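The following exercises concern salt bridges, helix packing and backbone geometry. Each task is followed by a solution that proceeds step by step.

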Amino acid sequence: MRVLDSEKGRGARDEGRGTEGGCALPSAGSASPVGVPGRVPFDPQPAIRTSQVARPLLTWTLVLLVALLPMTEARAQTIRPAIASRRIVKHFDFNERPLGNYETTPMYWQRHSGPGFSLYLEGQFDTDVYHSAAPSFRLDLNGGSVAYDYLGGDIAVHPRCDYLITAWIRTAGLETARAYVTACYLDRKKNPIAGTEVRSTPLGGASQKEDSAWRPVSIGLAGNVPEARYIGLAIWLCQERVWNTAPRPPHAIDFEDVAGSAWFDDITVYRLPRVELTTSDDGPAFAHNADPVLLAEVRDSDGLGLSAKLTVRSADGVIVDERPVPLQPLDSPTPHEETYQGLPTGLYHAELVVVTDDLPLMRRTLSFLRLPETAGPPSTAGRGFGITLREADAQAMKSQVQLLTRLGVEYVKVPTWNPSSATMEASARNGVQQYLQAIARAHMQPIALLTDGPARSPSGTHPLLDILSKPAEAWRPLIAGDWSRLAGLVHVWQVGQDHDAALGRDERVEGLAATLRAEMGRLISDPRVATVTCVGDLDGPERRADFTSLLLPARVPVDTINEHLKTLLGDSPRRAWVTVETPTIDAYSAEMRFADLARRLVEAAWQQPGGVFLSAPWKLRREANAVRTDMSEDYLVFRTVADLLGEARPISRFNLDGHARCLLFDRNGKCVMLAWDPEAPPEGREYILPLGEEVRHLDLMGRPIRVGRAGQQRVLRLTASPTFIINAPTWPIEFRRHFALEPGIVEAHIEPREHQVVFRNTWPHTITGMLRLTGPHGWEIRPSRIPFALQPGEEFRQTVSFRLPIHSPADLTPLLGEFELDADRRYKFTVPAWFEVGLEGMKLDTFAHRADGRLLIRLMATNRTRKPMRFEAHLLAPGRGRAGGLFTTFLPNQPVTKIFALERPEELSGQPIRLTLKDLEGSRFWNCVLTVP
């Protein structure tokens, strides 16, 4: 290795000696090589190996990498940024001729040996291809794999510091093989410390096969590993069976690159500050009565030139808090606490940035939630709802279990077994068992998932079914042990993931449930099996197993969900689970997506299936030695729905005052109602309802909305976004819904017309009272005052006569019923019965528009009766003469269109015009008032 220049050489040596806590650089000599990452069947991201002793590493950003480029592209430069001159521990530029190395390989780099690594493959210097200056270190394939370990043993570290390794790699001719760099910590005897191995992004593949570009890679090594004394490095050019540590499916075929090359250059090791950002709890969700507390650590040996700032933003990116974070010495015993008081309910993103000389050095991010107060009874909240975990990572267990506990769900689906489980390490199998035990201790029921797993397989194949479709003797030994160990924890085993609808369509699933149940019966008492399917794949309530997990795709229109599920669930909905697919983020605005998700969850709960499931509304983000939980606002929406609808019973669907749409549930005599007004203006529309003193109005996040007062009634403002109305007595709302006028069309007529006023006693006891009817101005209603006395559930009907003025406009109109009744107390409220002023047996539509300098009024009429009809039509416009026409020989089911044309429409813009129909066979009238566009 060549030192860049005299100044850099001194800086690098100083970094190795004085600034690393007194650890002197060891002399060159032998050291244990950095081994090949082993094949770990259930490693969900094989590029990162995790450690139970190392603390989470910071997120390395491209900003940092770009900041370091000048150090590798100007080797002769003697003036360098502070970050370079002070923090470089080791740099490899492979120019070793000035150091006396005339060999074909760099000093202290030894070829790696092991299964799959050919003895005849060697690396060499390449003076023709290099990153910033010649030479580079080149590896070539000719079958097999090749790698080199650095045995210099002189990259000394401080146990409490973090380290960053950057390198430049260029590849050529790699299809299945990959090139990458690995690093790990070594102990004082220069032996690798288990669990600290980290690998860079593997480069290569079809997209880069003929690409000659140099690409940067980086590796982060988290500090706080007490045994760490040195860093070990290795470079790799490996076939797929070496670099791809994902489990292999049965009968997999491995392909190898016969030829291919990779060049490595400018490998640099940097010492960085120890930077951490975590929450004060295991999970990133804070209760309503607990102020969020973030733990920020910025530790460095001297802190010269460093500053740190912690920024908290709301979900929409608005900065809600920004504050500096003090630097701490490396031996500081506790992190710095930052408390955030008064944060409202919602999702927040925190970012800790460490800066040196105005250059972002390190960045750390996390997300957290501030939860609202629960509104439902604790004993019922979340009952009937469940979460499907994407993975059961041991490092994320505490966080995921806490998030599940805060949701209060009844069921949790956990990936438990896949075809590669037989080769899983004992620690990984115990980790799954610990997950299930933690879920059971939190009073939730775990459901075990049998999945394809992360196995490499051709697109469209199912390793799980490939195994289970064979005779039981072939696969029983692979899974029997898991069934025995988990028999006391798991009572239902699901074949396939919820989202794997293609598996449900596989013909091999037919009869599989019976086979599994029979095999489980050898080890488990009362075994139960679930299979998966999708809305659209079944025509009726077909049952292949004890339970059916039914996927409700986001592509199914929300207004059609009720009919879909009603057909599919049939008479035994409890034997089915409905998994709601989350709408994609890009398809809607945030508010529309939350509204869509909430309605889907409520529609699924309306059918009262065995469970309503959602994929975990968070994602696990892996860093070098830690797993972070990135939260989503979907968590708040799901929590609100599960909290309010747990063990709630669906009652009715109805329109409120002809505008708002409502889904009413009941729980112990109290309502839980989802309501929205799709035609409301942006500011919403007010509704006055008899809801009692305890009524609460909540948005989809569970945040309270102000409830107004109008006498003894309550005023709610509804918008196009659904909201929840809770804690009001259910029976008055149902009483209001049943108040109606039959038939629902009232005709303008010279003679009185008779209709029936209908309502029902929805209270469980006898009620008595008085009803007073009030219509629009000029209407005659007889009788207008009606006494009543009703038994529980009894329906009341009273014939009343209406006489309307012949000029009454055709429109949706309310008949107001003013009730005074005695039930559990004395009630007084007004209920509208909406009806249409129109012509019975006629379908009438009008449309006004401008064309060719004229105003065209189009009247479209359809005779829905069984006899011919004759009408006379007139159009009245301000300052214009009466225009008329006849509808003659208007036959049954015959559509007829009449068009009126008015000149100079600009003179009438914004003014009302009246279109009138008069029945020539009787005395009926129809009036429509239009506004001129």
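A residue is called buried when its relative accessible area is under 20%, exposed when over 50%, and partly exposed in between. The model examined here is a predicted one.

**Exercise 1. Determine whether Glu391 and Arg622 are buried, partly exposed or exposed, and describe the link between them.**

Solution.
1. The side chains of these two residues, Glu391 and Arg622, form a salt bridge with an N to O distance of 2.3 Å.
2. Distant parts of the chain are thereby linked, the two residues being 231 residues apart. Glu391 lies in the loop between strand E21 (385–388) and helix H5 (397–407), and Arg622 in strand E29 (residues 618–623).
3. Arg622 has a relative accessible area of 15%; the limit for buried is under 20%, so Arg622 is buried.
4. Glu391 has 23% relative accessibility and therefore counts as partly exposed.
5. The search of the whole structure finds 55 salt bridges. One network of salt bridges links Asp162, Arg274, Glu276 and Arg628.

**Exercise 2. State which salt bridge joins Arg593 to a residue of helix H13, and classify both partners by accessibility.**

Solution.
1. The partner of Arg593 is Asp634, and the N to O distance in this salt bridge is 3.1 Å.
2. Arg593 belongs to helix H12 (residues 590–606) and Asp634 to helix H13 (residues 634–645); the pair is 41 residues apart and links distant parts of the chain.
3. The relative accessible area is 8% for Arg593, which is therefore buried.
4. For Asp634 the value is 6%, so Asp634 is buried as well.

**Exercise 3. Describe how H12 and H13 are arranged: roughly parallel or roughly antiparallel, left-handed or right-handed?**

Solution.
1. Two packed helices are described by the angle between their axes and the distance between the axes.
2. For H12 and H13, the axes come within 10 Å and cross at roughly 30°.
3. Angles under 35 degrees count as roughly parallel, so H12 and H13 are roughly parallel to each other.
4. The crossing of H12 past H13 is right-handed.
5. On the H12 side, the contact is made by Arg593, Phe594, Leu597, Ala598, Leu601, Val602 and Ala605. On the H13 side, Asp634, Val637, Phe638, Val641 and Leu645 take part.
6. An α-helix has 3.6 residues a turn, so residues three or four places apart point the same way.
7. Arg593 and Asp634, the partners in the salt bridge, are both among the contact residues.

**Exercise 4. Decide how far H5 is enclosed by the rest of the structure, and identify what follows the helix.**

Solution.
1. The buried residues of H5 are Met397, Ser399, Gln400, Val401, Gln402, Leu403, Leu404 and Leu407.
2. These make eight of the eleven residues of H5, so the helix is largely enclosed by the rest of the structure.
3. Gly408 follows H5, and its phi is positive, near 70°.

**Exercise 5. Locate the cis peptide bonds that precede Pro135 and Pro783.**

Solution.
1. Ala134 and Pro135 are joined by a cis peptide bond with omega about -5°. Pro135 sits in the loop between strand E3 (124–126) and strand E4 (136–141).
2. Arg782 and Pro783 are likewise joined by a cis peptide bond, with omega about -10°. Pro783 occupies the loop between strand E45 (780–782) and strand E46 (785–790).

**Exercise 6. Characterise Phe94 and Asn224 by phi, location and accessibility.**

Solution.
1. Phe94 has a phi near 65°, a positive value in a residue other than glycine. Phe94 is placed in the loop between strand E1 (88–92) and strand E2 (109–111).
2. With a relative accessible area of 1%, Phe94 is buried.
3. Asn224 also shows a positive phi, near 65°, and lies in the loop between strand E9 (215–221) and strand E10 (230–238).
4. At a relative accessible area of 22%, Asn224 is partly exposed.

**Exercise 7. Establish how many disulfides the structure contains, and state whether Cys161 and Cys534 are buried or exposed.**

Solution.
1. A disulfide is a covalent bond between the sulfur atoms of two cysteines.
2. The search of the whole structure finds zero disulfides.
3. Cys161 is buried, its relative accessible area being 0%.
4. Cys534 is buried, with a value of 2%.

Terms used: Residues are numbered from 1 along each chain as its sequence is written. This is a predicted model: local features need pLDDT of at least 70, side-chain atom pairs count only at pLDDT 80 or more; totals for chains, interfaces and linings use all residues. Side-chain values use heavy atoms; hydrogens and water are left out. A salt bridge is a side-chain nitrogen of Lys or Arg within 4 Å of a carboxyl oxygen of Asp or Glu. Helices (H or I, at least four residues) and strands (E, at least two) are DSSP runs, numbered from the N terminus. Buried means under 20% relative accessible area, exposed over 50%, partly exposed in between (1.4 Å probe, protein chains only). A disulfide is a pair of cysteine sulfur atoms within 2.5 Å. Axes are lines fitted to C-alpha atoms, for helices over the stretch in contact, and angles run from 0 to 180 degrees between N-to-C directions. Angles under 35 degrees count as roughly parallel, over 145 as roughly antiparallel, 65 to 115 as roughly perpendicular and the rest as oblique. A crossing is left-handed if the near helix is turned anticlockwise from the far one by less than a right angle, and right-handed if clockwise. Contact means heavy atoms within 4.5 Å.
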